[in-house]
Amino acid sequence: MIVKEDEMIDFCRRLLQTASCSGQEEEVALLLSQTMSSLGYDDVWTDHLGNVIGKIKGRCKGMTVLFDGHMDTVPADPSQWTRHPYGGEIDGGKIYGRGASDMKGSLAAMVYAVAQLKLAAIVPEGDIYVAGTVCQELFEGVALKAVMDEVKPDLVIIGQATGLDLNIGQRGRAELKATAIGQSAHSSNPEAGSNAVDVMLAFLEQAAAFQPETHDQLGKSIAVITDIVSSPYPGASVIPDRCTVTIDRRLLPGEKEDDVMGRYRSIDPSVQVEIAEQMIDCYTGHRLGGKRYYPAWLMELDDPVVNVALKALHGQGIPAKIGSYQYCTSGSYSAGVAKVPTIGFGPSEERHSHIVDEYIEIEQLAKSAQGYYALAKAFALLPRSEKLEQL
């Protein structure tokens with residue numbers, strides 16, 4: 001049991017009572033920073049993007065471990081909820097609120113679990129960090145890059161929901177923008193122009209014929225159309241001269257950006273296909289964003305990290321099984337780009353993320369804190385001679 005479990009639950013509720021949509025995390029960041037300091041973290045700071053980082057100092061003889069959580073949430077419409085989305089209400093063994101499962105619950109658990117190293121007078125061989133990052137809901141792993149550039153971890157533990165299982169990978173995601181160009185004309189005389197919507201429909205018909213690849217662990221490389229926009233809009237008796245479609249393409253390990261785009265570009269060279277880009281202002285005033293392309297990643301089943309993590313969780317009485325994320329996480333950067341060993345462990349289920357009346361079960365929250373403590377302790381006590389490459 002985590003020594004300050006009641007405090008942790010209260011902290012989770014306060015996080016939920018503090019709205020923090022992407023780019024608006026300042027109040028949660030302050031709460032997180034104050035709580036880490038009060039729990040005895042050796043160092044707590046906020047970087048230029050607004051990420052909050054807490055450090056438990058080690059002996060500089062072991063591996064550096066980073067627990068990763070994000071502070072931002074998707075928006076919530078109170079009119080659709082039966083409970084206040086920022087109420088942090090407890091009912092029936094559950095805590096309700098936007099971000100309960102994704103992922104303020106796990107962030108609270110990580111903060112308290114790692115702090116317990118201090119309470120237990122455990123000095124880790126290497127440094128242990130907990131980070132609350134910004135804007136993850138828009139850019140998976142982009143803010144995490146800034147944290148990793150600073151702390152240089154040997155291992156990243158993602159706190160996204162796993163149902164207390166141990167996730168070792170995920171499909172990636174590419175957001176593709178396909179644009180067909182036509183020529184405007186009066187809709188009463190369509191032969192005088194070229195309808196961009198007709199061009200796009202032909203393009204999409206061929207794209208739909210692509211057969212997705214399948215990975216035994218991660219599933220299918222599916223593609224889903226998420227929006228279609230034509231212009232001018234509204235048409236007012238005008239043939240559209242432009243039609244843009246957004247395609248959400250789920251990626252498997254080894255798929256490259258140029259290969260993904262190339263397949264769509266081969267359908268009709270006149271249709272422009274690019275990776276979507278987006279930027280947002282962080283609450284600190286700095287700009288964050290870039291291409292919406294996030295690689296897949298997968299750890300090997302027999303990787304020493306996986307073995308140590310499973311042993312630690314099982315030793316805590318948590319019967320974790322090997323799994324993988326269906327949605328995208330910041331592991332796309334830590335493992336997919338930076339190639340740093342990455343695992344996922346967290347309370348609640350993926351399917352509870354972003355839903356109306358989002359909640360987290362208190363039992364899951366408490367068990368996740370026990371699991372985070374077990375993971376922190378297991379990796380914290382590994383001496384340098386047993387770092388990952390030598391395990």
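**A buried serine, two cores and a three-stranded sheet**

Ser-348 is buried, with a relative accessible area of 5%. Good morning, colleagues. The structure above is a predicted model, and I shall begin with this serine before turning to the sheet beside it in the sequence. Ser-348 is not a glycine, and yet its phi is positive, at about 75 degrees. Its place is the loop between strand E20, residues 342–344, and strand E21.

A second residue invites comparison. Ala-236 is likewise not a glycine and has a positive phi, of about 50 degrees. Is Ala-236 buried or exposed? With a relative accessibility of 67%, Ala-236 counts as exposed, because the limit for that class is over 50%. Ser-348, at 5%, falls under the 20% limit and is therefore buried. Ala-236 lies in the loop between E12 and E13. That loop, which runs between strand E12 (223–231) and strand E13 (242–251), also holds Pro-234. The peptide bond joining Tyr-233 and Pro-234 is cis, with omega about -5 degrees.

Let me now take the strand E21. Three strands make up an open sheet, in the order E4-E5-E21, and their pairing is antiparallel. Which strands stand at the edges? They are E4, residues 90–91, and E21, residues 359–361; each has a single partner strand, so one side of each is left without a neighbour in the sheet. Between E4 and strand E5, residues 94–96, the antiparallel pairing runs over two bridges. In one of the bridges, Asp-91 is partnered by Lys-94 of E5.

Two helices lie across this sheet. H1 lies across E4 and E5, and runs at about 25 degrees to E5. H3 lies across E5 and E21, and runs at about 50 degrees to E21.

I shall treat H1 first. Helix H1, residues 5–16, packs with helix H9, residues 362–380, at an angle of about 115 degrees, and their axes are 11 Å apart. The contact involves Glu-5, Met-8, Ile-9 and Cys-12 on the side of H1, and Ile-362, Leu-365, Ala-366 and Ala-369 on the side of H9. Seven of these residues are nonpolar, none is polar and one is charged. The crossing of the two helices is right-handed.

Next, H3. Of its 20 residues, 18 are buried, so H3 is largely enclosed by the rest of the structure. Met-103 is found in this helix, and the peptide bond from Asp-102 to Met-103 is cis, with omega near -10 degrees. After H3 comes Ala-121, whose phi is positive, near 55 degrees.

This leads to the interior. As a general matter, nonpolar side chains in soluble globular proteins tend to be buried together. Here, the largest nonpolar core has 94 residues, and the members that touch the most others are Tyr-41, Phe-67 and Phe-379. Helix H3, residues 100–119, supplies the largest share of this core, with 12 residues. There is also a second, separate core of 21 residues, among them Ala-174, Ala-178, Met-261 and Val-271.

What does Phe-379 contact, leaving aside its neighbours within four places in sequence? The answer is Met-63, Val-65, Leu-155, Val-305, Val-308 and Ala-309.

A further buried residue is Ile-128, which has a relative accessible area of 0%. Ile-128 belongs to strand E6, residues 128–133. Not counting residues up to four places away in sequence, Ile-128 touches Gly-54, Lys-55, Ile-56, Val-65, Phe-67, Val-114, Leu-117, Ala-376 and Ala-380. Its C-alpha atom is separated by 5.9 Å from that of Thr-64, although the two residues are 64 apart along the chain.

The contacts of Ile-128 include Gly-54, Lys-55 and Ile-56, and strand E2 spans residues 52–56. E2 pairs with strand E1, residues 43–46, in the antiparallel sense over four bridges. One of the bridge partnerships links Thr-46 with Val-52 of E2. The hairpin of E1 and E2 has five residues between the strands, and in this hairpin Gly-50 takes a positive phi near 105 degrees.

To close, I return to the sheet and its helices. H1 lies across E4 and E5, while H3 lies across E5 and E21 and gives 12 residues to the largest nonpolar core. Thank you for your attention.

Key
Residues numbered from 1 in each chain as written. Predicted model: local features only at pLDDT ≥ 70, side-chain atom pairs only at ≥ 80, totals over all residues. Heavy atoms only, no water. Axes fitted to C-alpha atoms, helices over the stretch in contact; angles between N-to-C directions. Left-handed = near helix turned anticlockwise from the far one by under 90°. Contact = heavy atoms within 4.5 Å. Nonpolar A, V, L, I, M, F, W, Y, C, P; charged D, E, K, R; others polar. Core = buried A, V, L, I, M, F, W, Y, C linked by side-chain atoms within 4.5 Å. Buried < 20%, exposed > 50% of the residue type's maximum accessible area, 1.4 Å probe, protein only. Pairing = 2+ DSSP bridges.
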